[in-house]
Amino acid sequence: MLNQFSRTELLLGKEAIDHLSQSRVAIFGIGGVGGYVCEALVRSGVGAFDLIDDDKVCLTNLNRQIIATRKTIGQYKTEVMRERILDINPQADVRIHQCFFLPENAADFPFAEYDYIVDAVDTVTAKLELVMKAKENHIPIISSMGAGNKLDASRFKVADIYQTKVCPLAKVMRRELKKRGVEDLKVVYSEEVPIQPIGDTEENDRKGDSSLSDADSMHKQKRSIPGSVAFVPAVAGLIIAGEVIKDLTNDCRVQQA
């Protein structure tokens with residue numbers, strides 16, 4: 001009997017589709033990258049989501065974020081994404097956490113319930129804490145490195161963090177993860193040299209946050225608020241979603257073969 005996942009089942013098999021429908025993926029950061037991750041995962045048959053973000057859709061999101069339209073400006077990104085997910089698959093189980101993930105609130109999240117974690121957050125502090133929680137709970141995780149200030153979407157690669165190069169965010173992450181004894185981390189990163197944004201960044205520089213860690217402050221000083229386009233974060237998000245689907249269904253696909 002035909003259903004919305006029939007075409008996917010032709011490639012992955014029924015066992016994989018059944019497994020995806022029972023999998024819960026937590027997406028931290030519902031922005032340019034994370035929004036496309038959610039989009040691809042629900043269309044691939046993932047049945048349960050935790051969406052974590054505290055931002056609202058704003059005018060400057062319209063150029064790159066899949067949930068951003070004139071109608072959604074001013075609404076919380078988690079709520080807009082939940083509605084979109086349910087429009088695609090009404091049977092999906094979607095929980096939202098209207099907050100930014102921080103080391104201080106990490107204990108509030110049900111990590112033991114997650115089958116996979118997607119790190120699409122901006123700050124090094126949050127990324128590091130997510131990785132440590134994932135390792136502690138033996139949950140697979142994939143992290144998005146820098147997608148801002150780039151124009152060539154073909155330069156993205158999937159690699160272990162210690163095999164990355166060029167990306168400034170990946171460099172900071174390598175150093176900080178090594179200090180913490182983390183031996184591996186799957187990431188999506190770009191080897192395109194970041195482009196210097198055109199225009200006045202004075203306003204961006206005034207938006208400094210005294211609560212940032214040293215690692216975050218160093219990274220923020222180097223990048224300020226990055227420029228972005230429609231296609232680069234979208235490609236990063238779709239690559240991440242593809243890795244999640246492959247990892248979640250690997251055993252099913254091996255048995256089928």
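## Close-up views of a predicted model

**Figure 1. Salt bridges across the structure.** The structure holds 18 salt bridges, and the model shown here is a predicted one. Let us start with a pair inside one helix. Lys-14 and Asp-18 form a salt bridge whose closest N and O atoms are 2.9 Å apart. The two residues are 4 apart in helix α2 (residues 14-21), which means that about one helical turn separates them. Lys-14 is exposed, at a relative accessible area of 51%, while Asp-18 is partly exposed at 31%.

**Figure 2. A salt bridge between Glu-39 and Arg-84.** Here the closest N and O atoms are 2.5 Å apart. Glu-39 belongs to helix α3 (residues 32-44) and Arg-84 to helix α4 (residues 77-88), so this pair ties together parts that are 45 residues apart in sequence. Glu-39 counts as buried, with 8% relative accessibility; Arg-84, at 28%, counts as partly exposed.

**Figure 3. Helix α6 and a charged network.** In helix α6 (residues 168-179), Lys-179 and Glu-176 sit 3 residues apart, about one turn of the helix. Their side chains meet in a salt bridge, with 3.3 Å from N to O. Which of the two is buried, and which is exposed? Glu-176 is buried, with a relative accessible area of 9%, whereas Lys-179 is exposed, with 59%. Elsewhere in the model, salt bridges that share partners link Arg-24, Asp-50, Asp-93, Arg-95 and Glu-113 into one network.

**Figure 4. Aromatic rings in the loop between β3 and β4.** Searching the whole structure gives 7 aromatic pairs. One of them joins Phe-101 and Phe-111 edge-to-face, with 6.2 Å centre to centre and 80° between the planes. Phe-101 and Phe-111 both lie in the loop between β3 (93-97) and β4 (116-119), so their pair ties together parts that are 10 residues apart in sequence. The ring centres of Phe-111 and Tyr-114 are 5.7 Å apart and the planes are at 70°, so this pair is edge-to-face too. How buried are these residues? Phe-101 has a relative accessible area of 4% and is buried; Phe-111 is buried at 4%, and Tyr-114 is buried at 4%. Together with Phe-28 and Phe-109, these three residues form one aromatic cluster.

**Figure 5. Strand β7 and its partners.** Of the 5 residues of β7 (residues 186-190), 4 are buried, so the strand is largely enclosed by the rest of the structure. Strands β5 and β7 run parallel and are joined by 3 bridges. Strands β6 and β7 run antiparallel, joined by 5 bridges. A handy residue to find in this view is Lys-186 of β7: Ile-142 stands opposite Lys-186, and Asp-160 has Lys-186 as its bridge partner.

**Figure 6. A nonpolar patch on the surface.** Leu-151, Ile-195 and Phe-231 make up this patch, which has about 270 Å² of accessible area in all. Leu-151 is found in the loop between β5 (141-144) and β6 (156-160). With a relative accessibility of 48%, Leu-151 counts as partly exposed.

**Figure 7. The whole protein, for orientation.** After the close-ups, here is the overall picture. The protein has 9 helices and 7 strands, and 48% of its 257 residues count as buried. About 13100 Å² is exposed, with carbon and sulfur atoms supplying 50% of that area. Among contacts with a separation of 6 or more, 70% are between residues 24 or more positions apart.

Note on methods
Residues are numbered from 1 along each chain as its sequence is written. Side-chain values use heavy atoms; hydrogens and water are left out. Patches are made of residues with over 30% relative accessible area and no salt bridge: like charges are joined within 9 Å, nonpolar side chains (Val, Leu, Ile, Met, Phe, Trp, Tyr) within 5 Å. Accessible areas come from the Shrake-Rupley method with a 1.4 Å probe; for residues, only the protein chains shown count as cover. A salt bridge is a side-chain nitrogen of Lys or Arg within 4 Å of a carboxyl oxygen of Asp or Glu. Buried means under 20% relative accessible area, exposed over 50%, partly exposed in between (1.4 Å probe, protein chains only). Contact means heavy atoms within 4.5 Å. Rings of Phe, Tyr and Trp (its six-membered ring) pair if their centres lie within 6.5 Å; planes under 30 degrees apart count as stacked, over 60 as edge-to-face and the rest as tilted. Two strands pair if DSSP finds at least two bridges between them.
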